Amino acid sequence: MQTPSDLSKIDLTQPQTLWLPDEAATTQLGALVATQLKASDVLYLHGDLGMGKSSLARGLIRALTSPDQDVPSPTFTLIQSYDAPAFEVLHLDLYRLTSPDEAYELGLDDALSHAVLVIEWPDRLGHLGFDDRLDICLELPDKTNFPEGLISGRIARLTPAGRYREEQA
Ligand SMILES: Nc1ncnc2c1ncn2[C@@H]1O[C@H](COP(=O)(O)OP(=O)(O)OP(=O)(O)O)[C@@H](O)[C@H]1O
Ligand SMILES: [Mg+2]
């Protein structure tokens, strides 16, 4: 399985699976994805608690702003905004969202005309979710490969959904 450091460029039109041995690889994947983004792109970051969703978002946002950009987890604010040169980046953590209606109040549909949305816990959007998006799932590797019980690293599965990048495919 390839790691982000094996790739100079990533083809987001193709489903792919990458091996992320450590947090640096997770942020590197975020930075690689950042090079391909344009306004109106939606990234869904899936994965259980602590799988590295915010680490990936941090790498992505720092690549688009500055390496020392503060990128707090938007767990309590739900949404954080960053100005990248070509578009705004909205980083959301919807874990604490109590209903999709609350998401409606965030005005995501309007923001999408000029922004990129990077969304942790996207399932919380319910029927207000986006069909056209890039899904990135972060998960632990198979335990059977770690008989001694030391599980480290993550697997990232990237899958374009709906009409994401269809025009380029
Ligand atoms: N590829 C990796 N291998 C090992 N550890 C990693 C990897 N990527 C990130 N981590 C670590 O996982 C921990 C949790 O990361 P992070 O906060 O980004 O997770 P999260 O998915 O956003 O969690 P939450 O659901 O609580 O928002 C951090 O300590 C980070 O260093
Ligand atoms: Mg997080």
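This passage looks at how a predicted model holds a magnesium ion and the molecule called ligand 1.

Start with the metal. The magnesium ion (ligand 2) has two protein donors, Ser-54 through its OG atom and Glu-120 through OE, and these sit 2.1 to 2.2 Å from the ion. Along the chain the pair is 66 residues apart, so to speak bridging distant parts: Ser-54 belongs to helix α2 (residues 53-64), while Glu-120 belongs to strand β5 (residues 115-120). Both donors are tucked away from the surface. Ser-54 has a relative accessibility of 15% and counts as buried because the cut-off is under 20%. Glu-120, at 3%, is buried too.

Now for ligand 1. Its surroundings consist of 18 residues, and the closest are Glu-23, Thr-26, Lys-53, Ser-54 and Ser-55. Ser-54 therefore turns up in both settings, as a donor to the magnesium ion and among the closest residues to ligand 1. Sorted by class, the shell holds seven charged, six polar and five nonpolar residues.

Some polar contacts can be picked out one by one. A polar backbone atom of Gly-52 lies 3.0 Å from an oxygen atom of ligand 1. Side chains join in as well: a polar atom of Glu-120 is 3.2 Å from an oxygen of ligand 1, and an N or O atom in the side chain of Arg-154 is 3.2 Å from a ligand oxygen. On its own, ligand 1 would expose 650 Å², and the protein buries 73% of that. Helices α1 (23-34) and α2 each give two or more residues to the shell, with α2 providing the largest share, three residues.

Methods: Residues numbered from 1 in each chain as written. Chains lettered and ligands numbered in written order. Predicted model: local features only at pLDDT ≥ 70, side-chain atom pairs only at ≥ 80, totals over all residues. Heavy atoms only, no water. Donors = N, O, S within 2.8 Å, 3.2 Å for Na, K, Ca; no water. Helix = DSSP H or I, 4+ residues; strand = E, 2+ residues; numbered from the N terminus. Buried < 20%, exposed > 50% of the residue type's maximum accessible area, 1.4 Å probe, protein only. Near = heavy atom within 4 Å. Polar contact = N/O pair within 3.5 Å; in protein donor to acceptor, adjacent residues only side chain to side chain. Areas by Shrake-Rupley, 256 points an atom, 1.4 Å probe, with all protein chains shown as cover. Nonpolar A, V, L, I, M, F, W, Y, C, P; charged D, E, K, R; others polar.
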